[in-house]
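Grab a pencil and work through these short exercises with the structure open beside you. Each task comes with a solution that goes step by step.

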Amino acid sequence: MQPDLPVVVLVGRPNVGKSTLFNRLTDTRDALVADRPGVTRDRQYGVVRTGERRFLVVDTGGLGVDDAEIDALAAAQTDVALAEAHAVVFLVDGRDGLLPGDMAIADRLRHLTVPVYPVVNKTEGRTSEEAVAEFHALGMGAPDAISASHGGRIDALVQRLVADLPPGTDPDDGAAGTRLAVVGRPNAGKSTLVNRLLGESRMLTMDAPGTTRDAVAAEFEHDGERFRVVDTAGIRRRSRIDDPLEKFSVIKAMQAAESAHIVVIMVDAQRGLEAQDVRLLGLMVDLGRAVVLAINKWDGLDQDRRRALREDLRRRLVHLDFMTICTISAKHGSGLRELMAAIREARDAAGADLSTGALTRVLEQAVLAHAPPALHGRRIKLRYAHQGGRNPPRIVIHGNQTDRLSAEYKRYLMRRFRDAFGLRGTPVELVFRTGDNPYDKRGSASPRKR
């Protein structure tokens with residue numbers, strides 16, 4: 001079995017640009033960024049994609065904050081992150097120069113058995129050699145010079161990291177059957193659901209949240225098919241995570257999701273959909289995982305509360321309208337057949353084999369029904385489409401001026417492909433390529449199925 005989703009941890013003094021680098025790497029604005037030290041009090045988790053490779057990046061609180069109590073907590077959480085790291089990016093500030101705090105952190109990192117990459121941030125307007133010169137004194141090898149705020153030399157850093165990271169798990173490998181990961185907040189009923197699927201009380205369950213500390217795997221059969229399910233520790237809102245063991249469990253939950261074909265996200269109907277649930281759903285989509293949302297303890301709601309919760313789900317998850325929502329009672333077993341049907345549907349959609357001919361016909365029909373608008377008198381032409389990958393399905397569309405397509409038109413194309421192929425329960429990636437159609441020349445060749 002291949003290694004888990006690789007983990008890269010960002011460490012350094014406060015205000016050296018860790019959160020800015022995190023945002024740049026993950027192409028998000030999830031981390032709070034401000035020009036003052038100590039803003040990031042807790043760790044953030046994000047997914048970095050480069051080509052076919054992915055890895056998990058962890059943003060840590062700065063070491064050396066004036067408040068001793070906060071600094072001690074940040075240090076403890078950083079130690080937990082480092083224990084799971086496959087690589088460490090040690091960020092320093094090129095404007096401040098080499099400071100005693102940098103040397104202290106370097107001494108702390110020397111005992112690690114994983115690669116440590118010294119990276120000099122805020123190097124705008126200087127050559128790499130000039131920017132890193134004094135940081136060779138860290139004794140950790142040749143530093144990289146970057147500008148996190150402007151994106152300078154970030155791609156080179158990512159490629160260097162990828163070259164040294166383990167490959168990660170391939171969800172296309174179905175040798176162990178369909179792989180499920182059950183994730184969600186503590187006490188949502190994850191272990192109870194797994195026990196119900198297994199037909200035995202293999203997972204410890206109790207009313208107190210946080211019973212499951214690590215990701216635990218087990219196998220079962222349903223209607224003649226093999227499944228492997230992983231019960232993960234509950235993911236709390238970050239401001240409520242004080243126990244380093246729970247910090248460790250977040251990484252394990254994400255790694256379990258990365259290696260799964262399908263992620264079942266459990267929500268406690270009594271508590272309703274919370275912001276952390278929505279963030280978790282977004283992260284699963286970032287990972288490219290097919291998702292089924294299971295609203296547990298549904299039997300405990302009266303009709304008015306059910307109606308209100310359905311409306312809340314419809315309103316807040318409009319951007320995830322491809323996802324199936326199942327209402328269940330893990331304790332009593334109601335709704336589980338519908339849940340397994342949704343899991344199979346999402347699995348089949350995520351691994352769908354889409355022929356070039358069929359994809360191109362859907363594209364042509366979509367353009368005929370609603371052509372993209374002309375830009376400066378030139379019509380955007382979309383010529384053909386082919387499949388570029390599975391889990392999730394990736395559809396590559398070739399044409400001219402594809403970079404000028406609006407987000408609204410891309411969403412329109414997405415809906416057309418989803419409806420045509422029944423791609424329910426899985427994210428779909430559309431990739432646009434501009435250039436000549438190699439299959440258009442004299443009609444001598446037709447697109448190959450990919």
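**Exercise 1. A salt bridge between two loops**

Work out where the partners E274 and R185 sit and what their pairing ties together.

*Solution.* This is a predicted model, so we are working with computed positions.
- Start with the distance: the closest N and O atoms of E274 and R185 are 3.5 Å apart, and the two form a salt bridge. The cut-off is 4 Å.
- Next, place the partners. E274 is in the loop between β10 (262-268) and α8, while R185 is in the loop between β7 (178-184) and α6 (190-198), so the bridge ties together parts 89 residues apart in sequence.
- Now check the burial. R185 is buried, at 4% relative accessible area, whereas E274 counts as partly exposed at 27%.
- Finally, look around the pair: R185, R271, E274 and D277 are linked in a network of salt bridges.

**Exercise 2. Two more bridges**

The whole structure has 22 salt bridges. Take R49 with E429 and E311 with R314, and place each pair along the chain.

*Solution.*
- R49 and E429 have their closest N and O atoms 2.4 Å apart. R49 belongs to strand β2 (residues 44-50) and E429 to strand β15, 380 residues apart, so this pair links distant parts of the chain.
- R49 is partly exposed at 38%, and E429 counts as buried at 17%.
- For E311 and R314, the closest N and O atoms are 2.6 Å apart. Both are in helix α9 (residues 303-316), 3 residues apart, or about one helical turn.
- E311 is partly exposed at 38%; R314, at 54%, counts as exposed.

**Exercise 3. Stacked or tilted?**

Classify the ring pairs F220 with F227 and Y409 with Y412.

*Solution.*
- The model has 2 aromatic pairs.
- In F220 and F227 the ring centres are 5.3 Å apart and the planes meet at 15 degrees, so call this pair stacked. Both residues are buried.
- In Y409 and Y412 the centres are again 5.3 Å apart, but the planes are at 50 degrees, so this one is tilted.
- Y409 and Y412 sit 3 residues apart in helix α12 (residues 407-421), about one helical turn. In an α-helix, residues three or four places apart point the same way, because there are 3.6 residues a turn.
- Both tyrosines are buried: Y409 at 4% and Y412 at 12%.

**Exercise 4. Helix α12 and what covers it**

Check the span of α12, then find what covers its buried residues.

*Solution.*
- At 1.5 Å a residue, the 15 residues of α12 should span 21 Å, and the end C-alpha atoms are 21 Å apart, which agrees.
- The buried residues in α12 include L413, F417 and R418 alongside the two tyrosines, Y409 and Y412.
- Their cover includes α11 (356-369), β13 (382-389), β14 and β15 (429-434).
- Just past the helix, G422 has a positive phi of about 65 degrees.

**Exercise 5. The core, and where to be careful**

Find the best-connected residues of the largest nonpolar core, then the stretches where pLDDT stays under 50.

*Solution.*
- The largest core has 49 residues, and F90, L109, I265, M284 and L293 have the most contacts inside it. Helix α8 (residues 275-287) gives the most to this core, with 5 residues.
- A second, separate core has 27 residues, including V182 and L198.
- Average pLDDT is 80, but pLDDT stays under 50 over residues 29-43 and over residues 238-246.

How values were computed:
Residues numbered from 1 in each chain as written. Predicted model: local features only at pLDDT ≥ 70, side-chain atom pairs only at ≥ 80, totals over all residues. Heavy atoms only, no water. Phe/Tyr/Trp six-rings, centres within 6.5 Å; stacked < 30°, edge-to-face > 60°. Buried < 20%, exposed > 50% of the residue type's maximum accessible area, 1.4 Å probe, protein only. Helix = DSSP H or I, 4+ residues; strand = E, 2+ residues; numbered from the N terminus. pLDDT = per-residue confidence, 0-100. Contact = heavy atoms within 4.5 Å. Core = buried A, V, L, I, M, F, W, Y, C linked by side-chain atoms within 4.5 Å. Expected span 1.5 Å × (residues − 1). Salt bridge = Lys/Arg side-chain N within 4 Å of Asp/Glu carboxyl O.
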